[in-house]
Structures are given as structure tokens and as C-alpha cells.
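Here is a short report on one protein chain and its ligand. Look at the fold first, then at the residues.

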Amino acid sequence: MNQHIHCLINTCHYYAEGNKCVANEIMVASDEFGSTRQDHIDATMAKQLSPTPADTCMATCCKTFVSKGSNQTTADRVQKLS
Ligand code: SF4
């Protein structure tokens, strides 16, 4: 599969030049899920999680986001592609 994830969040650890996401996997979830679950609950656990419905794009978030320079960049075990 030739998949590209485009992202404009340039303060994220996984953001790369050209508005690309270079995480090896990401998880999109509802805002409620993203704001209440710990950092380690992320894409690497996706198969174990229940779907989180949303009615609009405004109610979704990238759970994999982590700030550049954060000490939590390895908490979710997502890999940054080189
Ligand atoms: S992990 Fe999410 S917020 Fe970060 S660059 Fe990728 S898509 Fe954007």
C-alpha cells in the first residue's frame, strides 16, 4: 500500500517538511478519547480498542500527536520513519 499522511501540525514530533507525517502508524480518535486516555494508549494498541464515533471532523483528533522536544516521544512505541 502506498499511503501518504499529510499533516499541517508542524509542532508535532512526527511532522516533516512538505507537510508530511512520518510516523510509521497513527491513530485518529474522538476528541473525548484523545483528551482522557494516557499517552501510551495509541496506534500500537489499536486492535484492542473500541471505535469512538464522531459526528464532525471537529470532534476528531490525532491521538499520536506528541510535541517536538517532549520527553514522551517514545511513550506510545510509535516509530518515526527516517
Ligand atoms: S502524528 Fe498526527 S499530528 Fe503528528 S504529524 Fe502525524 S498526523 Fe500530524
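## Fold and overall shape

Helices and strands here are DSSP runs, at least four residues (H or I) for a helix and at least two (E) for a strand, numbered from the N terminus. The model is predicted. The protein chain has one helix and four strands. Their order from the N terminus is β-β-β-α-β.

The C-alpha atoms occupy a box of roughly 30 × 25 × 25 Å along the principal axes. The radius of gyration is 12 Å, in agreement with the value near 12 Å for a compact globule of 82 residues. Buried residues account for 18% of the 82 residues. Take the contacts between residues at least 6 apart in sequence: 62% of them join residues at least 24 apart.

## Ligand surroundings

Which residues surround the ligand? From the N-terminal part come Ile5, Cys7, Ile9, Cys12, Tyr14 and Tyr15, among others. The list also includes Cys21, Ala23, Ile26, Cys62, Thr64 and Phe65.

By class, this shell has eleven nonpolar residues and one polar residue. No charged residue belongs to the shell.

## Nonpolar core

The largest nonpolar core has eleven residues. Among them are Cys12, Tyr14, Cys21, Ala23, Cys62 and Phe65, which are also listed around the ligand. The core also includes Met27, Ala29, Ala43, Val66 and Val78.

Val66 is worth a look for its contacts. Leaving aside residues up to four places away in sequence, Val66 touches Cys12, His13, Gln72 and Thr73. Of these partners, Cys12 is one of the core residues.

## Two residues with positive phi

Most residues other than glycine have a negative phi. Asparagine 19 has a positive phi of about 60° and is not a glycine. Asparagine 19 sits in the loop between β1 (15-16) and β2 (20-21). Is asparagine 19 buried or exposed? Asparagine 19 counts as exposed because 12 other C-beta atoms lie within 10 Å, and the cut-off for exposed is 12 or fewer.

Arginine 77 also departs from the negative sign, with a positive phi of about 65° although it is not a glycine. Arginine 77 belongs to the segment after β4 (60-62). Arginine 77 is exposed, because 12 other C-beta atoms lie within 10 Å.

## Chain ends and the loop before β4

Glutamine 3 lies in the segment before β1. Glutamine 3 has 4 other C-beta atoms within 10 Å, so it is exposed. Glutamine 3 and serine 35 are 32 residues apart in sequence, and their C-alpha atoms are 27 Å apart in space.

Methionine 58 is in the loop between α1 (31-36) and β4. Methionine 58 is exposed, because it has 8 C-beta neighbours inside 10 Å. Along the chain, methionine 58 and serine 30 are 28 residues apart; their C-alpha atoms are separated by 9.1 Å.

Lysine 80 is in the segment after β4. How exposed is lysine 80, and why? Lysine 80 is partly exposed, because 14 other C-beta atoms lie within 10 Å. Not counting residues up to four places away in sequence, lysine 80 touches His13, Tyr14, Val22 and Ala23. Two of these partners, Tyr14 and Ala23, are core residues. Lysine 80 and asparagine 19 are 61 residues apart along the chain, with 15 Å between their C-alpha atoms.

Definitions and conventions: Residues are numbered from 1 along each chain as its sequence is written. This is a predicted model: local features need pLDDT of at least 70, side-chain atom pairs count only at pLDDT 80 or more; totals for chains, interfaces and linings use all residues. A residue is near a molecule or strand if its C-beta atom, placed from the backbone, lies within 6 Å of it. Ala, Val, Leu, Ile, Met, Phe, Trp, Tyr, Cys and Pro count as nonpolar, Asp, Glu, Lys and Arg as charged, and the others, Gly among them, as polar. A nonpolar core is a set of buried Ala, Val, Leu, Ile, Met, Phe, Trp, Tyr and Cys residues joined through C-beta atoms within 7 Å. A residue is buried if 20 or more other C-beta atoms lie within 10 Å of its own, exposed if 12 or fewer, and partly exposed in between; C-beta atoms are placed from the backbone. Two residues are in contact if their C-beta atoms, placed from the backbone, lie within 7 Å. The radius of gyration is taken over C-alpha atoms; the globule rule is 2.2 Å times the number of residues to the power 0.38.
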